[in-house]
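Student: I am new to this one. Could we look at it together, one part at a time?
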Amino acid sequence: MISYIEWIKKSVGLCLENPERTEEQRAEQFGILEQEYLAMSAEEQKAISEVMLSQFEVNDLIFVGSYFMKYMKQIKTFQADMLTAVLRGKYDAYIGSMLECNITHNLDGHYGEKRLLHRQNAERFDRILDIKFPYLPFAQRNKKRIVIIAEQIMFLQHAPTKMVLEYIYILQEYLGYEILLFACPCDGFLTENLWNSGQYLRRMTRDEFVNEAIRVFYRGAEIFGYQINMTKFGPKEYNMMFSMIYAFNPLFVFQCGVSNPVADLARKFTTVVSMPMSIQAAVSDADILIRNGGRLSEEIEAEYEEALIENQVQLFERGAEVSFEASAEKQERPELGLPEDKFLIAVVGNRLDEELDEEFIGVMKSILERTENTAIVTVGDMNEKKDLFAGTEFENRMYHLEWQKNLLKTYTALDLYLNPNRNGGGHSGLMAVVSGIPVVTLPGNDVASNAGERFVVADYDEMVREVCRYVTDEEYYRLQSEAALEYVQKNTAEKQVKDMKKMLDSIIKIMEEK
């Protein structure tokens, strides 16, 4: 049995660059270390954390922890230690925000600590920008103007972009608001000696360090705005943004799926409302937090409540759902390299390397074992698990499609949408429902919220049974497919406008009362 000190030495050595070591070898060796850790006693596991937190420099702990996060996902302690290290570090607003961005995308839970980190980074930006505008009283604001700050404005196949544009379209074209749009992506970079393969949120253009105007055509409407990149020119550009917001004098500033902490600074002079692109609570000190999807478990809601700051309000209100139309074109399976004689089960996402964990892989394996004429099709950017089940009896029943520009058309070649236990996937799930494809999902996530209770199962065991029923019971499949289309038909333009107005009325009521 390996000692905990020897385990630390081996794991740290594995993080160091070795040109003779392939990615597959590193992943395999970390897998062995993960199993060795899980076999240790609770005391030994605690000792590893204590040694690393007390003996490692903060930057070294973050560097090593970034490898642990990537390769040893079953060990949640390391992920919590990473957050502790980042909170302890002394970084500028840019490095701090990019560390926050990577923490957010790799760590579930720990809402209170994430709020602390977000606040740290907002305060760092505040010291740089030194915003001193006087507060705009509610009574003096222009009641027909709203500022929207988004994280990214990219292309219509990008779900958050489509949601932002849909909201702007409804506000402009149906409700008569003037909209000022800003995109503030966390698109800075972390050096390799701080974070292994650090993530960033892509900007609209791939040109390096470009701040530019945004001009988008959506459903016949023209939408204007500005993009501010996280670059060395940031202070000047961010100050310009806040000057424009102040001069615009909006009813409120609406954050749509923003993780960039600089956006919170608008609350120094006006009301800020924050809505995430999921059913989770936004990590933000905004005045009003929109909870788009209802309450979660008592434990999670208690954590959210405890993290609220003074006068911060949660508003449980669902905004307008994004609209999709089923593809008029049919996708032929041979064009995609898919078999014509099998029931095709789709698993869709752009983070499938992370989301296809051991438990869900077990679900996929059970489905293939219990059914004969089925195959699983993964759709989206994926590298590490592209060859899932290679060399096994299921090798010829697994197919992979890269990211699809026209996913709605691709859905015409598929039979069922299967959702792993995750927060994302809301739009890809809704697009499946629009296409008349039944969905199978666990409760309490974006897909369940968008698809409806009829397509929710209690756990993974029931998920396997439900998929088997779809495969073998043609009448049940037909009824569920019709139910999917009926659910979508209820989401009319009239309902979208009504839902948006209801949310706005609730926001205004809170502002009036405050």
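Student: Which residues of H6 are buried?
Tutor: In this predicted model, the buried residues of H6 (under 20% relative accessible area, 1.4 Å probe, protein chains only) are Ala93, Tyr94, Gly96, Ser97, Met98, Leu99, Glu100, Cys101, Asn102 and Ile103. Helices here are DSSP runs of H or I, at least four residues, numbered from the N terminus.
Student: What covers the buried residues of H6?
Tutor: The cover includes helix H4 (58–71), helix H5 (76–88), helix H7 (111–129) and helix H9 (234–248). Because 10 of its 14 residues are buried, H6 is largely enclosed by the rest of the structure.
Student: Before we go on, how are residues numbered, and which values count?
Tutor: Residues are numbered from 1 along each chain as its sequence is written. Local features need pLDDT of at least 70, side-chain atom pairs count only at pLDDT 80 or more, totals for chains, interfaces and linings use all residues, and side-chain values use heavy atoms, with hydrogens and water left out.
Student: New topic: where is Cys15 found?
Tutor: Cys15 belongs to helix H1 (residues 4–15). Its relative accessibility is 0%, so Cys15 counts as buried.
Student: And what does Cys15 touch?
Tutor: Leaving aside residues up to four places away in sequence, Cys15 is in contact (heavy atoms within 4.5 Å) with Phe30, Phe63, Val64, Tyr67 and Phe68. Tyr67 is 52 residues from Cys15 along the chain, yet their C-alpha atoms are separated by 6.5 Å.

Methods:
Buried < 20%, exposed > 50% of the residue type's maximum accessible area, 1.4 Å probe, protein only. Helix = DSSP H or I, 4+ residues; strand = E, 2+ residues; numbered from the N terminus.
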